[in-house]
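Subject: Structure handover

Dear colleague,

Here is the structure I said I would pass on. My notes on it follow below.

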There are 2 protein chains.
Amino acid sequence: MSKVRRATMSDVAREVGVTAKTVSRVVNDDGPVAAETRARILEAMGKLGFQPNLMARNMRVGARDSTVGLVIPDMGNPFFGTVAGGVENAVRARGLTLIVGSSEETAERERSLISTFLARRVTALLIVPSAGGDHRPLRAERAAGLPIVFLDRLAGGLTADSVVSSNREGARAGVAQLIRHGHRRIAFIGDHPALYTRRERFQGYRDALAEAGIPFDRDLVEIGHDHEAAAAAVTRLLDGREPATAVFAANNFASTGVILGLARLGRRDVAVVGFDDLPLAEVLEPALTVVAQDPAAMGRAAAELMMARLDGERSKARTVVIPTRLIARGSGEIPPP
Amino acid sequence: MSKVRRATMSDVAREVGVTAKTVSRVVNDDGPVAAETRARILEAMGKLGFQPNLMARNMRVGARDSTVGLVIPDMGNPFFGTVAGGVENAVRARGLTLIVGSSEETAERERSLISTFLARRVTALLIVPSAGGDHRPLRAERAAGLPIVFLDRLAGGLTADSVVSSNREGARAGVAQLIRHGHRRIAFIGDHPALYTRRERFQGYRDALAEAGIPFDRDLVEIGHDHEAAAAAVTRLLDGREPATAVFAANNFASTGVILGLARLGRRDVAVVGFDDLPLAEVLEPALTVVAQDPAAMGRAAAELMMARLDGERSKARTVVIPTRLIARGSGEIPPP
DNA sequence: TTGTAAGCGTTATCAA
DNA sequence: TTGATAACGCTTACAA
């Protein structure tokens, strides 16, 4: 590749007949520069296509990079996309740039991304942690003044600033809705049990059952993170001697999969409540009852927590809980046969 | 904030009683180091929490940062999320890290993100350009050896490596499907006309009309990028003296909005073909006929184009076209009244 | 196997 | 108003 050397401050300086420091003064609007000198420098910068090297600057200034690193498990999941959008809107106002990386839901990719961000000396780190990660090593970073906020899921082995949905209470309310409409055979389809959100929502499911005096049946619990797995799970759940009459889908992909599975079976008599709203929820037949989250608010809250730390807030770690909201649209109100 | 100074190589070296260079050898597995020395260095690194400063390293090595910058218009749109996923999978194999920023569909935010990435000396730049952007200034970067690939949309004022869907032909096929089923009043709902994909897909729409000898009626064209705008648009289109009998929705948000709008009107007699597939397309009633894109393949193709440049490929700019596929599911095959 | 000197592109400090 | 010098943390090239 051509690898034309890039113009540096010295190049610009030489072109004009001044020192690099003078160019630096122009670039950063720092200290006095004669109007005529400034004009000539600006011209030379344009001519040489000079672009200041931020790496060098940050290194010298010792300042952190003006970026915020966000680790999410999956770029293709609109839930995390919306979370990222919420973060971005909030940090932009402060002149920070958000950069996002995807861990593909693996602890190892997550570690590697975090290292990349740390090595790049980001201003702050926001993490949607994958299952099985150990975040204790980040304690030192935080002690060194790096704001770290966990999003959607709590950290492994570390008490830290966090923002989560009201998972347990939301799930409880969703399942209670099914119980209120007469169901007692209610299936739970969610992520892998190691995942924080799955554990919390599962607890909410069990809370609702316990409240109603319905015995827990482990045969009604299935894993189904992606569409097809959830579709397959729902097929199994409807197939036994004592089939489920209702399904609680514990995340947006599970909801979609359950809907696909039921449609393929031609079943419209099964009640469904999903955790997390879907854009097309209202047009489904029956329309989908959901426990809606507010992913943009989660992103915003995480950004605010982080910026408060940046401003020197020294209080102990806080966990912000973003409320969920039950939206009854029909699918959750179908009675059992 | 505490701002505890971060341990450097010299700190580690001092701790052990060696030189920074020796520590560097251990960190980079470069050159011989006595087993015992290495052990003591590793221990000191752990004790001091040493994290190598990538900025400093990259600066010295003169190498570009080992990251690839991707600019997308909207993190919340799963189309772009999936594109990003495709890029990430492809670049990861090469040890590159993908960082993504969102331009919020504005030329100004896009410029600012591109500057951030350039200043950070990314290895390559992938851009989904917003409408109204002028990308000529990037010519110099490319000449300096920076691989730049445009994704989903072509650049403004610049011939460059690009990856796009077969927008025009795909849209033509989608509209032709509606015509084949007897429609002559076919509405077009898409993005703002300034957007590349909208222009191409609109051309495809007109191609199909022309082929069938159907006169173009500008009253059948509406803008609707987000759900609600598209829902409102479809309401207007069904409301005139000569209402549309079919709708071509030119992107995923428009499709969703059209479906929402029709459902709210209680209309199931209107034929719909959408550009870009939706996860729930098959369960809608009627199931949604779409012109499916392959966003992951687009991301992968862009990454490959970029890596070929990185490997020294000097050929002139290429545009890779990723084919689309018509999936007939029912909504596009509804006959006119 | 380890160290020394120099330099990447920038800015802080002090002097002119 | 401008410049000289050193330094940020690291690696290259060479020497010991």
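Around DNA strand D there are 25 residues, and those that come nearest are T22(A), A34(A), T37(A), M9(B) and K21(B). Of the strand D atoms that come within 4 Å of the protein, 59% are sugar and phosphate. Please keep in mind that this is a predicted model.

Three polar contacts to strand D are worth listing:

- The backbone of M9(B) has a polar atom 2.5 Å from a phosphate oxygen of DNA strand D.
- The side chain of S24(B) places an N or O atom 2.7 Å from a phosphate oxygen of DNA strand D.
- The side chain of R60(B) has an N or O atom 2.9 Å from a base oxygen of DNA strand D.

As for secondary structure, at least two residues of the surface near DNA strand D are supplied by each of α2 and α4 of chain A and α2 and α4 of chain B. The element that gives the most is α4(B), with four residues. Sorted by class, this surface has 10 nonpolar, eight polar and seven charged residues.

Now the other strand. DNA strand C is surrounded by 25 residues, and the closest of them are M9(A), T22(B), R25(B), T37(B) and R60(B). Sugar or phosphate accounts for 58% of the strand C atoms within 4 Å of the protein, and bases make up the rest.

The contacts I noted for strand C are these:

- T37(B) has a side-chain N or O atom 2.5 Å from a phosphate oxygen of DNA strand C.
- N28(A) has a side-chain N or O atom 2.8 Å from a phosphate oxygen of DNA strand C.
- R60(A) has a side-chain N or O atom 3.1 Å from a base oxygen of DNA strand C.

Two or more residues of the surface near DNA strand C come from each of α2 (20–28) and α4 (54–61) in chain A, and from each of α2 (20–28) and α4 (54–61) in chain B. Here the largest share belongs to α4(A), with five residues. The class split for this surface is 11 nonpolar, seven polar and seven charged residues.

If you look at one residue number in both chains, I would take 60: the side chain of R60(A) reaches a base oxygen of DNA strand C, and the side chain of R60(B) reaches a base oxygen of DNA strand D.

Regards

Technical notes. Residues are numbered from 1 along each chain as its sequence is written. Chains are lettered from A and ligands numbered from 1 in the order in which they are written. This is a predicted model: local features need pLDDT of at least 70, side-chain atom pairs count only at pLDDT 80 or more; totals for chains, interfaces and linings use all residues. Side-chain values use heavy atoms; hydrogens and water are left out. A residue is near a molecule or strand if one of its heavy atoms lies within 4 Å of it. A polar contact is a pair of N or O atoms within 3.5 Å; within protein, one must be able to donate a hydrogen and the other to accept it, and residues adjacent in sequence count only if both atoms are side-chain atoms. Ala, Val, Leu, Ile, Met, Phe, Trp, Tyr, Cys and Pro count as nonpolar, Asp, Glu, Lys and Arg as charged, and the others, Gly among them, as polar.
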